[in-house]
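I opened the model today to look up two things: backbone angles and pockets. My notes follow.

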Amino acid sequence: MLGLPSATEVKKIIPKRALYSKFQLNTSEQKEFDAAIRQLTIVNEISLRTIPALQKKEEDKAIFVLAVQLKQEGCAEKILYKLSRLIDQRLLLALCYADKLQLALLFDNKILLNDFKPAAEQSVTLQGTGLKEIFEHLALQVAQLTPRAGLTPASVIANAGRRAETEAQIAALTKKMFAEKQARKKLTLREAINKLKNELEDLS
C-alpha cells in the first residue's frame with residue numbers, strides 16, 4: 001500500500017451502496033461503478049486528531065486516503081470525481097489494480113492523476129504545517145509538478161493546466177497551418193501560433 005509517513009492507519013470499508021445512495025445513481029450508473037470498482041476502504045487519516053502538532057487553521061478538513069480496488073487498470077474521470085466527493089473531507093485516492101498503484105485527487109475542481117506504478121514505488125511525503133497546505137503539496141506530488149519559489153501550489157498547478165491547454169492549441173493550429181493552401185490564411189495561423197508561444201513562455 002501507499003507509503004505515507006506520519007499518517008495514521010485505519011481500515012474502514014465503505015459499502016458501494018453508500019455511494020449509490022449519496023449520488024442517487026440509477027441502475028445503469030450503478031452497473032458502471034460495479035464494473036470498475038471492487039471495494040472501497042479508507043486506509044489512512046491525516047487530521048488534527050492524528051497529528052496534534054499541526055497548526056489549527058481555517059479549512060481544517062481532514063485528509064483521508066481511500067484505497068480503491070479496481071477491476072481493471074484505469075478508471076473513468078467521472079467515477080473518480082464522484083469518489084472524491086464521497087465524504088465531506090479531503091480525499092487522496094489510491095487506485096489499486098494487481099500489484100500496481102495510481103494516485104488521484106480532486107483539486108480546484110479538477111482530477112489530478114499520476115502514473116500507474118508498482119505499489120512499492122508509489123509514495124508521497126507530507127509537507128506543511130496545516131492540513132490545507134499538506135493537501136496542496138500532495139496535489140503537487142500527484143500532478144508530478146515541482147514547487148516554485150513565489151508561487152503557491154495552486155498557482156503552479158493552474159499554470160501547468162494552462163500550459164497543457166496552450167500546447168494543445170499550438171499543435172492543432174500548426175496542423176491546420178500546414179494543411180492550409182491560402183498564403184494569407186497560413187500567415188494568420190502562424191501569427192496566432194506565435195502569440196500562443198509567447199504566452200507559453202510567460203507560463204514557464
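Before counting what each element gives to a pocket, I fixed the terms: helices (H or I, at least four residues) and strands (E, at least two) are DSSP runs, numbered from the N terminus. I also kept in mind that this is a predicted model.

**Entry 1: the largest pocket**

I started with the pocket that ranks largest. Its volume is about 360 Å³. I listed its lining and got 18 residues, with Lys61, Gln89, Arg90, Leu106 and Phe135 closest to the centre. Next I asked which elements give two or more residues to this lining. They are helix 3 (77-84), strand 4, strand 5 and helix 4 (131-142). Helix 4 gives the most, with three residues. Then I sorted the lining of the largest pocket by class. I noted nine charged, six nonpolar and three polar residues.

**Entry 2: the second largest pocket**

I moved to the second largest pocket and read off a volume of about 230 Å³. Its lining holds 13 residues. Nearest the centre I found Lys110, Leu112, Ile157, Ala160 and Gly161. Two or more lining residues come from strand 6 (110-113) and likewise from helix 5 (153-179). Which element gives the most to this lining? I found that helix 5 does, with six residues. The class split of the second lining is nine nonpolar, three charged and one polar.

**Entry 3: positive phi at Gln24**

I turned to the backbone. Gln24 is not a glycine, yet its phi is positive, at about 50°. Where does Gln24 sit? I placed Gln24 in the loop between helix 1 (16-22) and helix 2 (27-36). Is Gln24 buried or exposed? Its relative accessible area is 70%, and exposed means over 50%, so I logged Gln24 as exposed.

**Entry 4: positive phi at Ala98**

I made the same checks on Ala98. Ala98 has a positive phi near 55°, and this residue too is other than glycine. I found Ala98 in the loop between strand 4 (90-97) and strand 5 (100-107). Strand 4 and strand 5 were already in my notes, as each gives two or more residues to the lining of the largest pocket. For Ala98 I read a relative accessible area of 72%. That is over the 50% cut-off, so Ala98 also goes down as exposed.

**Entry 5: recap**

I closed with a short list.

- Gln24 has a positive phi and is exposed.
- Ala98 has a positive phi and is exposed.
- Helix 4 leads the lining of the largest pocket.
- Helix 5 leads the lining of the second largest pocket.

Key:
Residues numbered from 1 in each chain as written. Predicted model: local features only at pLDDT ≥ 70, side-chain atom pairs only at ≥ 80, totals over all residues. Heavy atoms only, no water. Buried < 20%, exposed > 50% of the residue type's maximum accessible area, 1.4 Å probe, protein only. 1 Å grid on protein atoms, 1.4 Å probe; cavity = no way out; pocket = protein on both sides within 12 Å on 5 of 7 lines; lining within 4 Å. Points joined across faces, edges and corners; volume = space filled by probe spheres on them. Nonpolar A, V, L, I, M, F, W, Y, C, P; charged D, E, K, R; others polar.
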